Amino acid sequence: MPRNEPPPGDAAPPDPERAAALLRHRRSVERFRPERPPPALIEAAVECARWAPNHHLTQPWRFYDLGPETAAAVVALNADLVAARKGEAAAEAKRRRWGAVPGWLVVTQRRSDDPLREREDYAACCCAIQNLMLFLAAHDVGTKWTTGDVTREPRFYEIAGIDAGAEDVTGLVWYGYPAHRPRSRRLPVSEILRTLP
């Protein structure tokens, strides 16, 4: 089946237990091994991301896979921002940490003059990012979705070649093979679910 064709409507759903295990397996990864996952895998992840729910099929997402030169410019910009707020020592620590990230993907949403559509499209882009991260987790590729100050900086848009008048950054997603898998906890279902009569 060509990759751009929808899956057949009668396709069997995935095994529920395996799907649940994948959802629990995905964690935000901050430390990566140096090798970068292959471009074909990232393209396949974006292919899955685009199947996220989106109101009125607006398909508001756009994806920018940053190469080494562009990523290095983002690292330098972020270090400059940190230096202005916290000093050179903090900036150098941030530069080392961010410079070790092998893969960088920026996800944007197309802007709209309609506030309700903007809200719906933001939610859709968040769903697309989750799809992307789950697909990569299934291939043992770790991710971290960040929305730090650098993603709101006009120079970031220039570096990434994003038209700030037409698109807004939803997130910067780091990706790579994990050097460490963090553990995390969640509140029990009994504390977050209310069943109404």
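# A walk through the chain, starting at Gln109

Select Gln109 to begin: this residue counts as buried, because its relative accessibility is just 2%. Keep in mind as you go that you're looking at a predicted model.

**Stop 1: around Gln109**

Gln109 belongs to strand S2, which covers residues 103-110. Now show what Gln109 touches, leaving aside residues up to four places away in sequence. You should pick up Pro60, then Glu118, Asp121, Tyr122 and Cys125, and finally Ala166, Glu167, Asp168 and Thr170. Helix H5 runs over residues 115-138 and strand S4 over 167-176, if you'd like to colour those two before moving on.

**Stop 2: zoom out**

Show the whole chain as a cartoon. How many helices and strands are there in the chain? There are seven helices and four strands. Reading from the N terminus, the order is α-α-β-α-α-β-α-β-α-β-α. The radius of gyration of the chain is 18 Å, close to the 16 Å that the globule rule gives for 197 residues, so the chain is as compact as a globular protein of that length. If you line the view up with the principal axes, the C-alpha trace spans about 55 × 45 × 40 Å.

Switch on the surface next. Its accessible area comes to about 12100 Å², with 54% of that belonging to carbon and sulfur atoms. Of the 197 residues, 38% count as buried. Colour by charge and you'll find 28 positive and 26 negative side chains, with the centres of the two sets 8 Å apart. As for contacts with a separation of 6 or more, 82% of them join residues 24 or more positions apart.

**Stop 3: strand S4 and its partners**

Hide the surface and select S4, residues 167-176. Is this strand enclosed or open? Nine of its 10 residues are buried, so S4 is largely enclosed by the rest of the structure.

Add S2 to the selection. S2 and S4 run antiparallel to each other and pair over eight bridges. To see one pairing up close, pick Gly103, which stands opposite Tyr175 in S4.

Now add strand S3, residues 142-146. S3 also pairs with S4 in the antiparallel sense, over five bridges. Two spots to label here: Lys144 sits opposite Trp174 of S4, and Trp145 has Val173 of S4 as its bridge partner. Four of the five residues of S3 are buried, so S3, too, is largely enclosed by the rest of the structure.

**Stop 4: helix H2**

Go to helix H2, residues 39-49, and show side chains. Which residues of H2 are buried? They are Leu41, Ile42, Ala44, Ala45, Glu47 and Ala49. Then bring back the elements that cover them: these include strand S1 (61-66), S2, helix H5 and S4.

**Stop 5: two loops with positive phi**

Follow the chain out of H2 to Leu57, in the loop between H2 and S1. Check the backbone here: Leu57 isn't a glycine, yet has a positive phi of about 50 degrees. With a relative accessibility of 63%, Leu57 counts as exposed.

Next, jump to Asp140, in the loop between H5 and S3. Asp140 is another non-glycine residue with a positive phi, near 60 degrees. Its relative accessibility is 39%, so Asp140 counts as partly exposed.

**Stop 6: Ala164, just before S4**

Select Ala164, in the loop between helix H6 (154-160) and S4. Ala164 counts as partly exposed, at 38% relative accessibility. Setting aside residues up to four places away in sequence, Ala164 touches Arg111 and Tyr157. Try a distance, too: Ala164 and Asp113 are 51 residues apart in sequence, and their C-alpha atoms are 14 Å apart in space.

**Last stop: Arg194**

Finish with Arg194, in the segment after helix H7 (189-192). Buried or exposed? Arg194 is exposed, with a relative accessible area of 70%. For one more distance, pick Arg97 as well: the two residues are 97 apart along the chain, and 41 Å separates their C-alpha atoms.

How values were computed
Residues numbered from 1 in each chain as written. Predicted model: local features only at pLDDT ≥ 70, side-chain atom pairs only at ≥ 80, totals over all residues. Heavy atoms only, no water. Rg over C-alpha atoms; globule rule 2.2 N^0.38 Å. Buried < 20%, exposed > 50% of the residue type's maximum accessible area, 1.4 Å probe, protein only. Contact = heavy atoms within 4.5 Å. Areas by Shrake-Rupley, 256 points an atom, 1.4 Å probe, with all protein chains shown as cover. Lys, Arg positive; Asp, Glu negative; His and termini not counted. Charge placed at Lys NZ, Arg CZ, Asp CG, Glu CD. Pairing = 2+ DSSP bridges.
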